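Student: I'd like to go through this one by asking how each label is earned. Can we take the labels one at a time?

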Amino acid sequence: MGASDTRRVLVTGATGLIGVRLVRALRDEGYAPQCLSRDVARAAQRLPEGAEAVAWNGRTPPRGALAGTAAVVHLAGEPVFAGRLTARRRAAIRDSRIVSTRQLVQSMGELPAAERPGAFLCASAVGYYGSRGDEILDEASPPGTGFLAEVCVDWEAEAARATAAGVRTCSLRIGIVLAREGGALPKMALPVRLGLGGPLGDGRQWVPWIHVDDLVALMLTVVRDARADGVVNAVAPEPVRNLELTRAIARVLRRPALLRAPAFAVRAALGELAEELLGSRRVLPKRASELGFRFRHPTLETALAAELAGS
Ligand SMILES: NC(=O)c1ccc[n+]([C@@H]2O[C@H](COP(=O)([O-])OP(=O)(O)OC[C@H]3O[C@@H](n4cnc5c(N)ncnc54)[C@H](OP(=O)(O)O)[C@@H]3O)[C@@H](O)[C@H]2O)c1
């Protein structure tokens, strides 16, 4: 059987915010999602019906798991915004992404050519660009500086090695994912609900965002479309400044958002991680447009209304 004859898609990090939604969409599209998790009992509870949970150690895929898959989607990684960037957390954030990617790619290369995955889709992040003021950024822009930029550069380089094994490979530079059930949006909405919301720093920093349904649809496009390779920015076509984002959340929730969090206070609370929230990334989805991808939620108002209205 040729690599892309099968409907099996292997997903790591499938129990996370993006993974659960992706796995449901894959299943609904007739794929057979197989999910690698460090905790299969928990995974069985979180994953939608029809998805199979398979144990792994977060680094090395089980023997044979990749053989004959239509695609491998690698989303696993230690959460970035879960606390200060201590040396230990830095190592966990790096290794959980880079070592696992290296191991997945090595396992692909060890398979007979006919059994290699049809595609390798690996997460990355807009953190790749560092902080760039008002500069317009697309996939061809060089990387920025800082811890997350370095992680993304190394992570994408590991993923790109799969092309040497003849596997179509795509790194998705994902923006802030807007979803009601987790990630950044509930954290941004909570202070607004409590009447304590407001912009971070001067609020002028650009925030690249994407509605979770559009991200999942873009991932399905990459799985299917043989033209999709290299790097694809997974961001909506209209990045907004942090001030606009905060105001839009407040409008949808019908609450005020007048309390500015000064940059020094954000830095005092979060240390170096604050730069990820204060940094500016005006990122555009050039490759997605070239692939003819159509966003269901191209504007912030409809994306926020879909996730927050009535909540
Ligand atoms: N959400 C966003 O806004 C966003 C933006 C840019 C980039 N991304 C990237 O996209 C990927 C998926 O994001 P997400 O928001 O869905 O992540 P998430 O909700 O934090 O889930 C990631 C999954 O990775 C696994 N995991 C966690 N820590 C791990 C570790 N130390 N070693 C190995 N596996 C570990 C967990 O699965 P098990 O416990 O089942 O093993 C977890 O469910 C991540 O790499 C993230 O950096 C996300």
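**Contacts, shell, salt bridge, pocket**

Tutor: Sure, and let's begin with G77: one of its polar backbone atoms sits 3.2 Å from an oxygen atom of the ligand. Keep in mind that this is a predicted model.

Student: What makes the G77 pair a polar contact?

Tutor: The cut-off is 3.5 Å between N or O atoms. G77's backbone atom is 3.2 Å from the ligand oxygen, so the pair is within 3.5 Å and counts.

Student: Which contacts do the side chains of R38 and R42 make with the ligand?

Tutor: For R38, an N or O atom of the side chain is 2.9 Å from a ligand oxygen. For R42, a polar side-chain atom is 3.4 Å from an oxygen atom of the ligand. Both values are within 3.5 Å, so both pairs pass as polar contacts.

Student: How much of the ligand does the protein bury?

Tutor: Alone, the ligand exposes 900 Å², and the protein buries 85% of that.

Student: Which elements give two or more residues to the shell?

Tutor: They are α1 (17-28), α3 (87-110), β5 (119-125) and β8 (176-178). The largest share, three residues, is from β5. In total 25 residues surround the ligand, with T15, I18, S37, E78 and R97 the closest. By class that's 11 nonpolar, nine polar and five charged.

Student: Why is R296 with D213 called a salt bridge?

Tutor: The limit is 4 Å between a side-chain nitrogen of Lys or Arg and a carboxyl oxygen of Asp or Glu. R296 and D213 have their closest N and O atoms 3.7 Å apart, so the pair qualifies. R296 is in the loop between α10 (286-290) and α11 (300-308), while D213 is in helix α6 (residues 212-224), 83 residues apart. The whole structure has 21 salt bridges.

Student: And what lines the second largest pocket?

Tutor: Its lining includes T60, R63, E110 and L111, and its volume is about 160 Å³. The classes are six nonpolar, three polar and two charged residues.

Notes:
Residues are numbered from 1 along each chain as its sequence is written. This is a predicted model: local features need pLDDT of at least 70, side-chain atom pairs count only at pLDDT 80 or more; totals for chains, interfaces and linings use all residues. Side-chain values use heavy atoms; hydrogens and water are left out. On a 1 Å grid over the protein atoms alone, a cavity is a set of points where a 1.4 Å probe fits but cannot get out, and a pocket is an open set with protein on both sides within 12 Å along at least five of seven lines; lining residues have an atom within 4 Å of a point. Grid points are joined across faces, edges and corners, and a volume is the space filled by probe spheres set on the points. Ala, Val, Leu, Ile, Met, Phe, Trp, Tyr, Cys and Pro count as nonpolar, Asp, Glu, Lys and Arg as charged, and the others, Gly among them, as polar. A residue is near a molecule or strand if one of its heavy atoms lies within 4 Å of it. A polar contact is a pair of N or O atoms within 3.5 Å; within protein, one must be able to donate a hydrogen and the other to accept it, and residues adjacent in sequence count only if both atoms are side-chain atoms. Accessible areas come from the Shrake-Rupley method with a 1.4 Å probe; for residues, only the protein chains shown count as cover. Helices (H or I, at least four residues) and strands (E, at least two) are DSSP runs, numbered from the N terminus.
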